[in-house]
Amino acid sequence: MAARAPGFATLAIHAGSQPDAATGARATPIYQTTSFVFDDVDHAASLFGLQAFGNIYTRITNPTTAVLEERIAALEGGTAALAVASGHAAQVVALHTLMTPGDEFVAARKLYGGSINQFSHSFQNFGWQVKWADVDDPASFAAAISPRTKAIFIESIANPGGTITDVAAIAAIAKAHKIPLIVDNTLASPYLFRPIEHGADIVLHSATKFLGGHGNSMGGIIVDAGSFDFMADNRYPMISAPRPEYGGMVLGETFGNFAFAIACRVLGLRDLGPALSPFNAFLLITGIETLPLRMQRHCENALAVAQFLAGHAKVASVSYPGLAHDPGHALAKRLLPHGAGAVFTFRLRGGYEAGIKLVKNLSLFSHVANVGDTRSLVIHPASTTHRQLTDAQKEAAGAGPEVVRLSIGLEDHADLTADLDAALNAG
Ligand SMILES: *Cc1c(COP(=O)(O)O)cnc(C)c1O
């Protein structure tokens with residue numbers, strides 16, 4: 001029989017995992033241990049010197065977490081991946097590997113609210129300056145680039161409106177300026193969109209959302225595409241300069257097309273410390289086994305709910321690229337043939353008060369600051385996640401007073417539309 005490359009659903013279940021060598025356990029065991037016994041003194045020395053791969057301490061590597069890392073690397077089509085404690089930790093560790101104080105990076109204005117906070121406040125304390133650009137105007141990214149720009153950061157499907165980014169258009173600008181493109185692929189998941197195929201050099205995830213998929217564990221992922229030449233000049237010293245603590249090793253020479261992932265692990269994760277718990281790695285692995293099935297159902301349900309809302313008298317408009325009239329529909333059909341995701345916003349005719357009232361009157365939808373759960377979730381950004389912004393900032397972020405965000409879960413969609421209908425018509 002000819003060897004064939006396994007399909008996505010097969011990789012989602014098998015990539016990175018083998019029956020346990022010690023016990024034969026078929027599911028991946030939870031290696032709930034902080035440390036690993038060395039074979040002998042020479043083995044310990046070779047592990048510490050990065051001359052051999054192996055486990056030392058769970059802050060840096062763990063066998064349960066390694067299965068998660070290999071699985072995501074396979075699903076995204078990268079050379080290697082690193083799992084960390086949260087999506088925000090993935091952002092810190094990835095940028096820590098690329099940036100030095102005084103450096104800049106260009107980020108899309110349309111981003112997860114937490115990322116806007118992290119970039120504009122905490123990253124300033126590290127001396128990392130963010131410049132904002134508009135994903136709908138790729139030329140604005142080129143205009144924001146300076147000699148100190150070390151990265152470009154975008155989301156494939158952007159929060160909160162669920163709008164789709166033409167990743168290849170931004171990748172072309174990144175390539176022309178020899179700057180790595182980082183794509184936060186959280187809302188799409190690799191089932192709907194694989195940024196590396198569109199020119200991304202680094203893919204990040206909040207695994208907390210659709211990858212884990214059950215709203216029960218935090219986690220973050222960094223995927224190295226192996227595509228960026230960090231050795232071309234001395235702009236990325238973490239990878240291209242000799243490391244004194246590793247006997248003068250140059251990570252970019254020793255590890256080639258997965259040196260970025262190694263640098264994130266043996267410098268960033270080692271020193272900053274946001275390690276994933278092996279128990280969370282186990283829950284995330286279990287979630288990923290059903291990723292293709294869940295994403296199909298998420299997208300089917302989201303389309304049904306969006307269509308229902310678009311026809312409702314109390315609803316002014318729905319922003320979901322899966323709808324035929326949506327400005328993003330052509331891009332959605334071209335880039336996300338399996339579905340346009342499950343997070344979107346809609347506008348109520350009744351303004352701020354109507355937003356509050358809707359959230360109060362829903363019973364099947366949970367009012368939480370999260371997305372990508374089996375359960376359907378709702379939030380009114382103007383009174384919660386975006387309440388500290390001025391009215392003008394709220395509008396610019398797609399979070400005006402009348403805007404409600406939904407994350408559509410896996411329930412029967414007739415129950416979801418019935419809950420929305422009752423809440424919209426109440427009082
Ligand atoms: C939730 C989220 C993050 C942050 O991830 P955490 O796991 O909450 O730290 C980053 N980007 C996007 C798009 C998210 O939805």
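This text leads through a predicted model, beginning at the ligand and proceeding to the aromatic rings, selected residues of one helix, and the cysteines.

The ligand is the natural point of entry. Around it stand 14 residues, and those that come nearest are Gly-87, Asp-184, Ser-206, Thr-208 and Lys-209. Three of these nearest residues also appear in polar contacts made through their side chains. In the side chain of Asp-184, an N or O atom is 2.7 Å from a nitrogen atom of the ligand. Oxygen atoms of the ligand enter the other two descriptions: one is 2.8 Å from an N or O atom in the side chain of Ser-206, and a polar side-chain atom of Lys-209 lies 2.7 Å from an oxygen atom of the ligand. On its own the ligand has 380 Å² of accessible area, of which the protein covers 94%.

The composition of the shell can be stated in the same terms. Its residues divide into 9 polar, 3 charged and 2 nonpolar. By secondary structure, helix α4, which spans residues 87-98, contributes the largest share of the shell, namely 3 residues.

Helix α4 merits a further look at two of its residues. His-88 has its place in this helix. With a relative accessibility of 27%, His-88 counts as partly exposed, because buried residues must fall under 20% and exposed ones over 50%. The C-alpha atoms of His-88 and Gly-114 are 8.1 Å apart in space, while the two residues are separated by 26 residues in sequence. Thr-97 lies in helix α4 as well. Thr-97 has a relative accessible area of 0% and is therefore buried. A polar atom of the Thr-97 side chain lies 3.0 Å from the backbone oxygen of Val-93.

The aromatic residues form the next part of the picture. A pair of aromatic rings is described by the distance of the centres and the angle of the planes. Over the whole structure, a search finds 17 aromatic pairs. In one of them, Phe-119 and Trp-132 have ring centres 6.4 Å apart and planes at 25 degrees; the pair is stacked because its angle is under 30 degrees. Phe-119 belongs to helix α5 (residues 113-125) and Trp-132 to strand β3 (residues 129-133), so this pair ties together parts that are 13 residues apart in sequence. The two partners are not alike in accessibility: Phe-119 counts as buried at 0%, whereas Trp-132 is partly exposed at 27%.

Phe-119 takes part in a further pair, with Phe-153. Here the ring centres are 4.9 Å apart and the planes stand at 85 degrees, so the pair is edge-to-face, the angle being over 60 degrees. Because Phe-119 is in helix α5 and Phe-153 in strand β4 (residues 149-155), the pair ties together parts that are 34 residues apart in sequence. Phe-153, at 0% relative accessibility, counts as buried. These three residues belong to a cluster linked by ring pairs, whose members are Phe-105, Phe-119, Phe-123, Phe-126, Trp-128, Trp-132 and Phe-153.

The cysteines complete the account. The structure holds 0 disulfides. Cys-264 is buried, with a relative accessible area of 0%. Cys-299 has a relative accessible area of 5% and is likewise buried, because this value is under 20%.

Conventions:
Residues are numbered from 1 along each chain as its sequence is written. This is a predicted model: local features need pLDDT of at least 70, side-chain atom pairs count only at pLDDT 80 or more; totals for chains, interfaces and linings use all residues. Side-chain values use heavy atoms; hydrogens and water are left out. A residue is near a molecule or strand if one of its heavy atoms lies within 4 Å of it. A polar contact is a pair of N or O atoms within 3.5 Å; within protein, one must be able to donate a hydrogen and the other to accept it, and residues adjacent in sequence count only if both atoms are side-chain atoms. Accessible areas come from the Shrake-Rupley method with a 1.4 Å probe; for residues, only the protein chains shown count as cover. Helices (H or I, at least four residues) and strands (E, at least two) are DSSP runs, numbered from the N terminus. Ala, Val, Leu, Ile, Met, Phe, Trp, Tyr, Cys and Pro count as nonpolar, Asp, Glu, Lys and Arg as charged, and the others, Gly among them, as polar. A disulfide is a pair of cysteine sulfur atoms within 2.5 Å. Buried means under 20% relative accessible area, exposed over 50%, partly exposed in between (1.4 Å probe, protein chains only). Rings of Phe, Tyr and Trp (its six-membered ring) pair if their centres lie within 6.5 Å; planes under 30 degrees apart count as stacked, over 60 as edge-to-face and the rest as tilted.
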